[in-house]
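Here are a few exercises to work through with the structure open beside you. Try each task before reading its solution.

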Amino acid sequence: MFPDARPDDPTVTAMRARELGRKSVVVGDRVGLVGDTSGAPGALARIVRIAERRSVLRRTAEDDATTAEGRLERVVVANADQLVIVSALADPPPRTGFIDRCLVAAYDADIEPLLCLTKADLAGPEAVLGYYTELELPYVLIRPDSDLAALRALLAGRVSVMVGHSGVGKSTLVNRLVPEAGRAVGTVSAIGRGRHTSTSAVALRLPPQPDADGDPGWIIDTPGVRSFGLAHVSADSLLHGFPDLVEGTVDCPANCQHTAEEADCALDAWVAAGKADPRRLASYRRLLASRSGEGDPREPERNPGDPLAGS
Ligand SMILES: Nc1nc2c(ncn2[C@@H]2O[C@H](COP(=O)(O)OP(=O)(O)O)[C@@H](O)[C@H]2O)c(=O)[nH]1
Ligand SMILES: [Mg+2]
């Protein structure tokens, strides 16, 4: 399923071979196959090898943080190049805490972020973009009637993973990008919220465009992925999601944890001097706190200042 795959390559059905042991195969994995790889009806190949992963995105089962198993982080997608963070500008309102968490996951996994702001017909992007002015964060605006050429250009030649809250318009967008995908579009349902929601990700090949040469790329939809686990990410790595704050830590004492409790953390002075937006520091500290199990587990992704915050 990769850029070197040609559009007319067959789709092969394969099962895990026993010699893989407990290793799981995830969407995006490059695998070694044996057996019938013809793609003919009824043909079944076996996956005997998983290639080393260039990048790995993990999710946390946040809906069950009380058990060890629930806190397990699972790899959901391997070898992605780009993380498309889908956020509606209204209905539901954007949550910069969620976007920040995705940015940390992207930088940690060495995947490039792309902010995809949907429902631009309902609200303007100024507030969200204002929050990210210090970052060179690429973004696209999507309206129901908007031309998708800019987005297609950013997806071309790469494997992109799409993530976003329920109702932000992911399925609508995937259906516009890949009309034959037939992803279910709807409002939030009980099924979409349960613990037993399917978390399987699906890779879709983008169709070739008449006016563009080369590989149009792949998009991976992650319907059940509500967020990314950051428990494995150190405080310093977490900071990479906040490049506007990095320079501010130069004057921190050794081993500074950058929390609000650190009396000598230099980030407070950095923000006070106007070098970064105080909301960004607050968001970074909320992520730090959420990793250690502090903070409000019900609203870990809503920052003060977001529309409807606190309501
Ligand atoms: N106004 C407006 N509504 C949209 C847009 N994109 C999607 N929607 C609507 O938002 C709702 C949720 O869309 P859906 O694609 O199912 O979201 P998903 O849960 O992220 O897959 C549906 O009623 C869509 O018709 C948009 O750009 N503008
Ligand atoms: Mg959907």
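The exercises below work on a predicted model, and each solution goes step by step.

**Exercise 1. Work out whether the length of helix H1 (residues 96-109) agrees with 1.5 Å a residue.**

Step 1: Count the residues; H1 has 14.
Step 2: Take the expected span, which is 1.5 Å times one less than the number of residues; for H1 this should be 20 Å.
Step 3: Compare that with the model, where the end C-alpha atoms of H1 are 20 Å apart, which agrees.

**Exercise 2. Decide whether H1 is largely enclosed, and find what follows this helix.**

Step 1: Use the cut-off for buried, which is under 20% relative accessible area.
Step 2: Go through the helix; among the residues of H1 that pass are Phe98, Ile99, Leu103 and Val104, but also Asp100 and Arg101.
Step 3: Twelve of the 14 residues of H1 are buried, so the helix is largely enclosed by the rest of the structure.
Step 4: Move on to Asp110, which follows H1 and has a positive phi, near 65°.

**Exercise 3. Describe the surroundings of strand S6 (residues 82-88) and its pairing with strand S7 (residues 112-118).**

Step 1: Look at one side of S6, where Gln82, Val84, Val86 and Ala88 are buried.
Step 2: Turn to the other side; Leu83, Ile85 and Ser87 are buried there, so both faces are covered.
Step 3: Seven of the seven residues of S6 are buried, so the rest of the structure largely encloses this strand.
Step 4: Follow the pairing: S6 and S7 run in the parallel sense, with seven bridges. One of the partnerships joins Gln82 to Glu112 in S7.

**Exercise 4. Which residues come nearest to ligand 1, and which polar contacts does this ligand have?**

Step 1: Start with the 16 residues around ligand 1; Asp121, Gly167, Lys170, Ser171 and Thr172 come nearest.
Step 2: Sort the shell by class, which gives five nonpolar, seven polar and four charged residues.
Step 3: Check the oxygen atoms of ligand 1. One lies 2.8 Å from a side-chain N or O atom of Ser171, and a polar side-chain atom of Lys119 is 2.9 Å from an oxygen atom of the ligand. Val168 brings a backbone N or O atom to 3.3 Å from a ligand oxygen.
Step 4: Finish with the area: ligand 1 taken alone exposes 590 Å², and the protein buries 77% of that.

**Exercise 5. Is Thr222 buried or exposed, and what does its side chain reach?**

Step 1: Locate Thr222 in the loop between strand S11 (218-221) and helix H5 (235-239).
Step 2: Read its relative accessible area, 4%, which means that Thr222 is buried.
Step 3: Follow the side chain of Thr222 to the backbone oxygen of Met162, at 2.7 Å.

Terms used
Residues are numbered from 1 along each chain as its sequence is written. Chains are lettered from A and ligands numbered from 1 in the order in which they are written. This is a predicted model: local features need pLDDT of at least 70, side-chain atom pairs count only at pLDDT 80 or more; totals for chains, interfaces and linings use all residues. Side-chain values use heavy atoms; hydrogens and water are left out. Helices (H or I, at least four residues) and strands (E, at least two) are DSSP runs, numbered from the N terminus. Buried means under 20% relative accessible area, exposed over 50%, partly exposed in between (1.4 Å probe, protein chains only). A residue is near a molecule or strand if one of its heavy atoms lies within 4 Å of it. A polar contact is a pair of N or O atoms within 3.5 Å; within protein, one must be able to donate a hydrogen and the other to accept it, and residues adjacent in sequence count only if both atoms are side-chain atoms. Accessible areas come from the Shrake-Rupley method with a 1.4 Å probe; for residues, only the protein chains shown count as cover. Ala, Val, Leu, Ile, Met, Phe, Trp, Tyr, Cys and Pro count as nonpolar, Asp, Glu, Lys and Arg as charged, and the others, Gly among them, as polar. Two strands pair if DSSP finds at least two bridges between them.
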